[in-house]
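Colleague: I should like a close look at a single part of this model, namely the surroundings of the ligand.

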Amino acid sequence: MSEKAEIKIDGKTYELPTLVGSENEKAIDISSFRAQSGVITIDPGFKNTGSTKSAITFLDGEKGILRYRGYPIDQLAENSTFLEVAYLLIYGNLPSAEKLAGFEKDITNHTLVHEDIKKLLDGFPYTSHPMGVLSSLVTSLTAFYPMSLDPNRSAGEVNLSIIRILAKMPTFAAWAYKNQLGQPILYPDNKLDYCGNFLKMMFGLPTEDYHPEPIVVDALNKLLILHADHEQNCSTSTVRIVGSSQASLYASLSAGINALWGPLHGGANQAVIEMLEGIKQDGGDTKKWMAKAKDKDDPFRLMGFGHRVYKNFDPRAKIIKKAADEVLGKLGIQDPVLDIAKGLEEEALNDPYFVERKLYPNVDFYSGIIYRALGIPTEMFTVMFALGRLPGWIAQWKEMRENKEPIGRPRQVYVGETARDYVPVNKR
Ligand code: ACO
């Protein structure tokens, strides 16, 4: 690619620098364009706008490639643990055995949350959606750790804030669930690993011994790894943009949790199961629902289908579909919605509407089926996603800070009224 791009407006040519990423992704740097020409570029939804240069995650939507720090997602999902991947994303390389042990120990040391946080939890009615509880509890950490408010503190202090949230997020997530059930909360069990401890806080009771099943722990590890980062998606961009104002790590992460909640993003996993259940209750006629999804006058969309960047297949969806079969098989569960999901997928992949628009199952199409098999209730699905995405958000926030990126502040093309004079209310 030549070093300069040219844009011609009103007979005048402007030269703009270009850049090429390590995977040969090409870009035109328009940051100086307005200063030269008085003209801005517009791209609602940032469909073709890079907001940053990042060294964390590479994905190629056309080829269906996803790599964290260069490592293919399938290798990581198959061989590593969630905390190993968290380390990789946040610090840039896979840890040595010693470094990993130290990281795990640090996290284990911080799993307890301040006792007063229980008072906050008690204030939420049982009807609260756990995503709202989770984002509130994450924000509340700013009150319990005022040191975390200033992202310009020393690297060691920032790292302590990072360790704290990685350690406490499973506690918050499980407690948000217990609050819904009206069951007593369980304290973390530091003898268990990250996933086992979370499962115990979710499903254990003070009156019973609980031992997480290895199949369930493994499946959870895999799901969390698959969700751990996905470059500049809606919630990650939110984390970076909130952080760019020098708001604290916890405030930025809480904003990310709220951005993830929507059904067009992380909330899709809940929406998928609700959709599949709806289709089942309606008699299982997938053709009828396919027709609804294609009808432009009908707001229904096939949830779990389509992706802003994947236009071939979502590599995570492939791994999750296989894992869904394995997990359900091993647990001896037969879920009729899995058959409906497979039927819908097959029809969609052969339907010109979906083929022409390059709509394929995304990560959320099958994840809810596994979560359900693991005993996780529907309203907790997006919380599970948040738990998985946490290291990615942290890594992206940290990178944004280390790169000293400027405050995020897009421009607009104003299309409202031009100047007009105020008219007193009695004369209107
Ligand atoms: N069902 C039916 N039609 C769809 C679907 C779908 N799930 N997804 C996209 N389309 C159609 C659109 O109507 C549009 O058709 P048109 O060109 O005739 O107008 C075309 O495909 C392109 O869709 P856009 O909405 O423009 O694509 P965009 O990149 O903006 O949206 C999104 C991507 C939000 C993921 C979309 O595909 C969608 O709503 N999917 C369902 C929700 C979902 O599964 N979200 C999870 C995404 S993965 C994640 O965030 C973890």
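How far does a polar side-chain atom of R308 lie from an oxygen atom of the ligand?

Modeller: The model is predicted, so local features need pLDDT of at least 70 and side-chain atom pairs count only at pLDDT 80 or more, whereas totals for chains, interfaces and linings use all residues. Residues are numbered from 1 along each chain as its sequence is written, and side-chain values use heavy atoms, with hydrogens and water left out.

The distance from the polar side-chain atom of R308 to the ligand oxygen is 2.7 Å, a polar contact (a pair of N or O atoms within 3.5 Å). K296 also takes part through its side chain, where an N or O atom is 2.8 Å from an oxygen of the ligand. G304 contributes a polar backbone atom instead, 2.8 Å from an oxygen atom of the ligand. On its own the ligand exposes 920 Å², of which the protein buries 78% (Shrake-Rupley areas, 1.4 Å probe).

The wider shell holds 22 residues (a heavy atom within 4 Å of the ligand). Those that come nearest are K296, R301, L302, G304 and R308. By class, eleven of the shell residues are nonpolar, five are polar and six are charged. In this scheme Asp, Glu, Lys and Arg count as charged; Ala, Val, Leu, Ile, Met, Phe, Trp, Tyr, Cys and Pro count as nonpolar; the others, Gly among them, are polar. Accordingly, K296 and R308 fall in the charged class, while G304 is placed with the polar residues.

Technical notes: Polar contact = N/O pair within 3.5 Å; in protein donor to acceptor, adjacent residues only side chain to side chain.
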